[in-house]
Amino acid sequence: MPTFVYMTRCDGCGECVDICPSDIMHIDKTYRRAYNIEPNMCWECYSCVKMCPQHAIDVRGYADFAPLGHSVRVRREPEKGTISWKIKFRDGREKDFVSPIRTTPWGSIEEPKDFPAPTEEEYTSQELWHEPAALKIDALPTLAGKEKA
Amino acid sequence: MGWFNTRETITVDADVLVIGGGFSGCGAAYEAGHWGRDMKVVVVEKANIERSGAVAQGLYAINCYMGMHWGENQPEDHVRYARNDLMGLVREDLGYDIARHVDATVHKFDEWGLPMMRDPETGRYQREGKWQIMIHGESYKPIIAEAAQKSADETYNRIMVTHLLTDKKNSNRIAGAVGFSVRSGDFYVFRAKAVVITAGGASHIFRPRAVGEGMGRTWYAPWSSASAYGLPIPVGAKMTQMENRIVLARFKDGYGPVGAYFLHLKTYTKNAYDEEYESKWYDDTKAMVGDYIDREPVPTCLRNHAMLREMQAGRGPIYMETREAFQDPHKEQVGWENFLGMTIGQAVVWASQNIDPKERMSELTTSEPYVMGSHATCSGAWTSGPDDYAPADYRWGYNRMMTVEGLFAAGDACGGTAHKFSSGSFTEGRVAGKAAINYIRDLGETPQVDNAEVEKLKTTVYQPMELYQVGRNEIVAGTVSPTYISPLQGLQRLEKIMDEYCGGIATQYMTNEPMLDRGLELLGMLHEDLDCIGAEDLHQLQRTWELHHRVWASESVTHHTKFREETRWPGYYYRGDHPKLDDGDWHVFTLGRYNPDSEDWEMEKAPVHHLIDD
């Protein structure tokens, strides 16, 4: 939207460089702080804004269609499991929203070794891992042996 | 000799290599890790898997969920729905396969910690529409990436994969891939027994409506660089339905989603004069497509068609009427959170233009075209179907295996299976992941990469940096060089060609054979000029190879569009020389293959088998 970085808040930690899906947050060699090198390849995904420990990154709507004076600020708190938004209109009106982001502790998903290894029969079956139990129905449906269903 | 020869080469051996860590790639890694306990599963991703792919920003709904255990829908129903929406042409074997597995995937997402909204009365997942359930999905991608990384043996972030490698003895068998680190600049050689392509579909092959900074606010992510097609096409994989591009009716400029607005909030569209307009175009549409206009729900392309006709008649802008719905505080909250959860830019547009949907309507528009296989269209690789019921025409190997041995597809890469969205793409990745393990278990001799080819590719991959170094010294300063063009200059030429000749916004989605022939001629010259892209640094080198993938995809799209001599999907594109739908000759799939030996594009038809009744 592109994103931009406040000079006085950025400490050059590089979290935004590490996370940006478009590879457009880079460290400026002179100032040792981050900036958006390619605003026209920014999707406004806010991944860097959410990740910045210093809250140094903000967004100014695309110059070709967004008038100035607005802001959409975010605070993502993984440990609390929430995300909070503050929207400010050009004319000053504000709106606030808070949503949950996860219901389980981060890192709690189990690995394959926590589950029994597959049997030979399971390899030739059409069932995927955790099926049919995870389907919550008796058996995986098939079109085999059916005339036009 | 260039300085690029000093780049270190890092070789990674894997059993299964998953290229692209988006939703389908995460699904493939998750599943392969279970079935391949004694095998090595490697994921390679050009960004950071925690926030990569089309769902990096989050989602507010899961658009593919049957609810079989509640008796809500059966897989057959979903096949009928997707077939209807795509004007009759989907791979029903593959679509059924996704639909029968997808509930298990979604139940795992719930268990892993994705916040699902629930109907307060029934306790079931909150339905947005017949197929959609509502979620608080800001962290959808990090949660799914956590599961994938728990299953994969290794994940390589910031590696741009540029080319696939085939077996030294059998050029129609996969042996790995090469690419480079966007951070260190090292050259990576992945040697693998099976490769699953789960890279992204194509944004930015057609010129976008935005004119400046807003170019990045495409509907599909700007990092969806058509690698799903640009990797398999050059090694000769057969593609299908590449002409089946999608145009989205969305909120203007921000491209905010409309699904929840139509389905859950019950907002509706009207023209600038406060009139309903879709019914006005019924006869016009019927003359083009016949009975397809009478199907329920009305196919998405035909609703686009009515909107386009109404705007062409001078009665735009088209508006979404939000004022009634937004008086309800719950609906107002859902309306805003819908954007914040998946298209934050739309909230920015509304805030900047003082648009409070409670007080005023918001403009809709039709987007530039995109080419993809996971949303409501089905471009992608032609793959083998499920073992238990796929017709013989659709079965030559393992489930989701392309026409190249050992090369698998899921998500945007897999053709014929529209309407899979996030959950279906992850599910299709799982199907491909298990199939890839079974392929390896049956495999005799391990494929061998050709080391001479690898060395040649190493030179090719870094050539744009060499070219820039040399060419830059010819000129004083600036961006105009007689020796090279920048990746962005190349991209803009591509977008202009596709826009003007292949049915973009410039011609209101119209094309014909002479336009397509001229487009192909210009694309051919652009393809030659790809040898003259100058890359200033590693970031620009990534952009260079993304452009290569986009150009390969665009050539395929243009050949397919030329081959299909009908207008199958009015509202997505029009063939002026064949303005009607033609079920007599074209109720078929288009198959296209680039022949790496002859360098020709070979086109053919394949039958559409209807496995499910009406």
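**Notebook: strand E8 of chain B, and chain A against chain B**

I began with the parallel pairing of E8(B) and strand E15 (residues 407–409) of chain B, and I found three bridges joining them. The model is a predicted one. I looked up a bridge partner for this pair: Val196(B) is matched with Phe408(B) in E15(B).

Next I went through the other partners of E8(B). Strand E1 (residues 9–19) of chain B runs parallel to E8(B), with ten bridges between them. Strand E7 (residues 174–181) of chain B runs antiparallel to E8(B), and there I noted five bridges. I then looked up Phe190(B) in E8(B). Phe190(B) is the bridge partner of Val12(B), and Phe190(B) is also the bridge partner of Ala177(B).

I checked the connection between E7(B) and E8(B). The two form a hairpin with five residues between them. In the turn, Gly185(B) has a positive phi of about 85°.

Is strand E8 of chain B enclosed or open? I looked up the burial of residues 187–197: ten of the eleven are buried, so the strand is largely enclosed by the rest of the structure.

I moved to Val161(B), which sits in strand E6 (residues 159–166) of chain B. The cut-off for a buried residue is 20 or more other C-beta atoms within 10 Å. Val161(B) has 27 within that distance, so I entered it as buried. Leaving aside neighbours within four places in sequence, I listed its contacts as Ile19(B), Val44(B), Ala177(B), Gly179(B) and Leu231(B). Ala177(B), one of these contacts, is the residue whose bridge partner in E8(B) is Phe190(B). I also took one C-alpha distance: Val161(B) and Val178(B) are 17 residues apart along the chain, and their C-alpha atoms are separated by 5.7 Å.

**Chain A**

I turned to chain A and counted three helices and seven strands. From the N terminus I read the order as β-α-β-β-α-β-β-β-β-α. I compared the radius of gyration with the globule rule: a compact globule of 149 residues would come out near 15 Å, but chain A has 23 Å. Along its principal axes, the C-alpha trace spans about 65 × 35 × 30 Å. Buried residues make up 35% of the 149 residues. Of the contacts in chain A with a separation of 6 or more, 42% are between residues 24 or more positions apart.

Which strands of chain A form the open sheet? I found three, in the order E5-E6-E7, with antiparallel pairing. Strand E5 (71–77) and E7 are the edge strands, each pairing on one side only. The twist averages 10° from one strand to the next. Between E5(A) and E6(A) I noted seven bridges, and there Ser71(A) has Lys88(A) in E6(A) as its bridge partner.

**The contact between the chains**

I looked up how many residues each chain gives: 66 come from chain A and 74 from chain B. On the side of chain A that touches chain B, the elements giving two or more residues are helix H1 (15–19), strand E6 (82–88) and strand E7 (94–100). The residues of that side divide into 39 nonpolar, twelve polar and 15 charged.

Last, I checked two helices of chain B against the sheet of chain A. Helix H9 (residues 329–342) of chain B lies across E6 and E7 of chain A, at about 70° to E7(A). Helix H10 (residues 344–352) of chain B lies across E5 and E6 of chain A, at about 145° to E5(A).

How values were computed:
Residues are numbered from 1 along each chain as its sequence is written. Chains are lettered from A and ligands numbered from 1 in the order in which they are written. This is a predicted model: local features need pLDDT of at least 70, side-chain atom pairs count only at pLDDT 80 or more; totals for chains, interfaces and linings use all residues. Helices (H or I, at least four residues) and strands (E, at least two) are DSSP runs, numbered from the N terminus. The radius of gyration is taken over C-alpha atoms; the globule rule is 2.2 Å times the number of residues to the power 0.38. A residue is buried if 20 or more other C-beta atoms lie within 10 Å of its own, exposed if 12 or fewer, and partly exposed in between; C-beta atoms are placed from the backbone. Two residues are in contact if their C-beta atoms, placed from the backbone, lie within 7 Å. Ala, Val, Leu, Ile, Met, Phe, Trp, Tyr, Cys and Pro count as nonpolar, Asp, Glu, Lys and Arg as charged, and the others, Gly among them, as polar. Two strands pair if DSSP finds at least two bridges between them. Axes are lines fitted to C-alpha atoms, for helices over the stretch in contact, and angles run from 0 to 180 degrees between N-to-C directions.
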